[in-house]
Amino acid sequence: MTGPVVIIEPSPDTPLVWFDIAIRGGAAADPRGVEGLHRHAALLARRGAGRRDRAELDETLDNLGAALEVGISRDALSLSGLALSRHLDAVIDLAADILADPRFDEAEHARLLRETPQVLDEIRDDDSALATRWFDWLCCPGHAYGRTSLGTEGSLARIERSAAIDLWRREVVADNLVIGLAGDVDEPTAARIVARLVARLPAGARPASTTMYEPAVAGPIATPVTPGRRVILVDKSDRTQAQLRVGHLSIRYGDDDTAALAIGEAVLGGMFSSRLMQEIRVKRGWSYGAGCALRRSRLPHWFEVWMAAGIEVAGPAIALTLELLADYAANGPTDDEVDFARDYLVGSMPFHVATARQRMQLAVRDAVFDLPPDYTAKLPVALAALTPADVRAACARCLSPASAVIVAVTTAEQAQASLEAAGAGTLTVVDHDEY
Amino acid sequence: MTQSWQLEAEAAVGRGVTARRFRLGNGLGLITAIDRRSPIVALQTWYRVGSRHERLGATGMAHLFEHLMFGQTQSLPPGEFDRLVERTGGESNAATWVDWTYYRLSLPARDLALGVKLEAERMQHLVLEHTPVESERDVVTNERRERVEDDVDGWLDEQLMAQAFTTHPYRWPTIGWMEDIRALSLPDIRAFYRTWYAPNSATIVCCGDFEEAALLDLVALHYGAIEPGVLPSDVGRIVEPEQTRERIVRAPKPIATDRLLVGYKAPGQDEADWAVLEIVATLLAGCPSARLYRRLVIEGEVASSVDAQLTPFRDPSLLRLAVTAARGHGADEILGIIDQELAAMAEKPPQKAEVEKAKALAETDFWTSLVDLDGKAEALGHYETALGDFRKVNTLAERLAAVTVEDVARVVRSYLRAERRTIVIATPEDGDDDEDDDDDEDDDTSGDDAAAAGRGGVA
């Protein structure tokens, strides 16, 4: 047993302490066909632990002015806490109960299974969230990150309470945790707290890492094995805009090209003066915003462009985006653009590490990605060493517009002809509540 | 014209940080708060102009400036403002709400002088010509589509304020009505700029790593020669008539289940009962053990979410309850449960421990708001601009701490009554699609957008 990775960022400027406990695994490790299991297990663990049922746990936390919340990402589950420092010990006791002794109450299990489909409803009501859900599903069929962390109506029906308990016992072991503490806590106190958090956890090795590809799970539309450009129009009535996503599989955060692609991303769509923002918003007024980013994850993830274009210009906006993306992949940024973006990224780093909580959260994230906890904080060193040619080469390697998947949440009656005319690829229309 | 500073007020804001307000002879306010934990600064310029200062037919004007102010000035070509800020690694953004507009620069400490120079330049020398105005008008219409037309929550917000207020300017949305945004004329836009973008309409807030004396010199250098403007008097002193009947609006939307937004008339943020209602909002739906959350979401499973929010406006506004119905349940059933819970709270005061719980959560919220520089500057700027004194950030915390169980029962009885509320319900399109406005005193089309409208995009 090696114990958890521990990150401590003391800062006495407010009487608050934040802690993040990351449990490596996450939604990408859900069993095939049982998508949503990790989320279900974590939420259920938070609904009663030790001698307290859900109501008693909530009441105790609220009385302390504290919060304990569960987070679900593709790479990890998390239990995040906030406490007034005078109540830290009491809140840590509750967190330790959730980690070591969750009740997995039968009634709460059934209630959560009734609640989760309604979260799906909320996503379907929100065009941006809906576009992201469809894009994640279709961007790279078979990829672990294509699995929905929330689940589907079908996969939720297959979640068993016993599976949630088994998952918790297997994954909530000291070696599999990354624990971060920040705020009004000194290092000796933090060390004592970490010891209490893991004291009652079962022995066990860190589970094997998530497999990146598995055969795609059957979904509402056919998902081709070989990547190729295509358009999915998610039909929803009465839209005045099209929520657009354009992207493809790219690299992992921590790949050798990470720093170079960060510059490439900033030039294309990571700043207000970026190409996408200038061409889509400033010159044409087609969308309130337009940007792009590589999703930061442990495994290779999507490079994604987003915008919400007026429905009357949805097709032209897609055509222009693909044209910009193709030119950028082929030619990359200019020397001046690289210098500008590098200055921006290096200069912006102090804003990302200004507070103890920010520094702790970045370090926890890097550790979950199996990177050194100071990987992101030290990126400016790597950025400084790059030449414009390095950035152009990385863009050529990491961007593949020919295999881009396009998702548009909009009203088919008004937008379909325009999207077809964009010549972006084979167009498929689906109902917005099919997935 | 060099002018000297006058120190007007100072107070601690958090551990080890003191905020001080200075004023120049031309009326410009400057609040400083030195915090050297990181080599950065938050430089915010708050203008005492929001959507309440607009007129019907020209709504959205204040928010349009949130876009235009990043454009060309006499010495900066189009796009140069953003490029200068981004070259430093900094970020810029802005927000408009009912009582104020503010512009935010987050900069490395070494670039504070650049920020002061840029803000002074756009306060005086913004170029307002046809082409850039039309371009930003298109952007704003798309922003409105994204936040209101295609967003059911944005629509609910807008309708709630439009129906709840019949007279006060809070009744129209901060982003403006679409037809007004499209019709704002260039002469009116220029006149609005000349009126409100003046030193005596502004307070600069600077938090972070800087030398105060050097900042005072710098701001005096760039702003000292600017003549004060002639600000409209008595603006926004409109009193909303007391509401005496419940108002209800229903409309079909492409959603899965009913969504319900209820607004009870509430006092302005500076009034004594505002703090009590803030505690009430927490007790109703501000935490996992809150009464309505437990009853609606956990025990009854009639709602999938419930939220309570008391708007921090200068004039009387609303305590809002937002609820999303669970599958198989509807807005009317939820309204019945809300009424039961409010009646119970009015009839029998909560236990002291329950009120102490809300106070503990308020204490955590207070400290959380002061953690980062931007948050601290926003708190100082809001209280100074909306309520006239940044020190009220502390007095609000004291008011919250002083709330009693009797206060809670009293304000529930006084404010949270059916005749003082407005209800907006969005129903699934394939369900009940009858539009029903049962209040014939509300037949105009104005409303208010409670969501601060940011610049968005990469921010």
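Q: What lies between β2(B) and β3(B) in their hairpin, and which residue of the turn has a positive phi?
A: Five residues lie between β2(B) and β3(B) in this hairpin, and in the turn B:Gly27 has a positive phi of about 100°. This is a predicted model, in which local features need pLDDT of at least 70, side-chain atom pairs count only at pLDDT 80 or more, and totals for chains, interfaces and linings use all residues, while side-chain values use heavy atoms, with hydrogens and water left out. Residues are numbered from 1 along each chain as its sequence is written, and chains are lettered from A and ligands numbered from 1 in the order in which they are written.

Q: How do you know that strand β2 (residues 18-23) of chain B and β3(B) pair, and in which sense do they run?
A: Strands are DSSP runs of E with at least two residues, just as helices are runs of H or I with at least four, both numbered from the N terminus. Two strands pair if DSSP finds at least two bridges between them; β2(B) and β3(B) are joined by five bridges and run antiparallel, so they satisfy that definition. Within this pairing, B:Arg23 stands opposite B:Gly29.

Q: What joins β3(B) to strand β7 (residues 202-208) of chain B, and in which sense do these strands run?
A: Six bridges join β3(B) to β7(B), and the two run parallel, with B:Ala33 opposite B:Cys207.

Q: What makes strand β3 (residues 29-34) of chain B mostly covered?
A: Buried means under 20% relative accessible area, exposed over 50%, and partly exposed in between, with a 1.4 Å probe and protein chains only. Five of the six residues of β3(B) are buried, hence the description as mostly covered.

Q: Why is B:Ile40 called buried or exposed?
A: B:Ile40, in strand β4 (residues 40-47) of chain B, has a relative accessible area of 5%, so it is called buried. Contact means heavy atoms within 4.5 Å, and, not counting residues up to four places away in sequence, B:Ile40 touches residues of both chains, among them A:Pro350, A:Phe351, B:Leu107 and B:Cys207. B:Ile40 and B:Asn26 are 14 residues apart in sequence and 28 Å apart in space, C-alpha to C-alpha.

Q: Why does A:Ala415 count as buried or exposed?
A: A:Ala415, in helix α16 (residues 412-421) of chain A, has 0% relative accessibility and therefore counts as buried. Leaving aside residues up to four places away in sequence, A:Ala415 touches A:Leu233, A:Ile311 and A:Thr410.

Q: What do the buried residues of α15(B) pack against?
A: In helix α15 (residues 405-415) of chain B, the buried residues are B:Val405, B:Val408, B:Ala409, B:Val411, B:Val412 and B:Tyr415, and they pack against β9 (259-266), α9 (272-285), α11 (331-347) and α12 (352-369) of chain B.

Q: How many bridges pair strand β5 (residues 67-72) and strand β6 (residues 76-84) of chain A, and in what sense?
A: β5(A) and β6(A) pair over six bridges in the antiparallel sense, with A:Gly71 opposite A:Ser78, and they form a hairpin with three residues between them.

Q: How do you know how compact chain B is for its length?
A: Chain B has 15 helices and 13 strands. Its radius of gyration is 23 Å, close to the 23 Å that the globule rule gives for 459 residues, so chain B is as compact as a globular protein of that length; the radius is taken over C-alpha atoms, and the rule is 2.2 Å times the number of residues to the power 0.38. Of the 459 residues of chain B, 63% count as buried.
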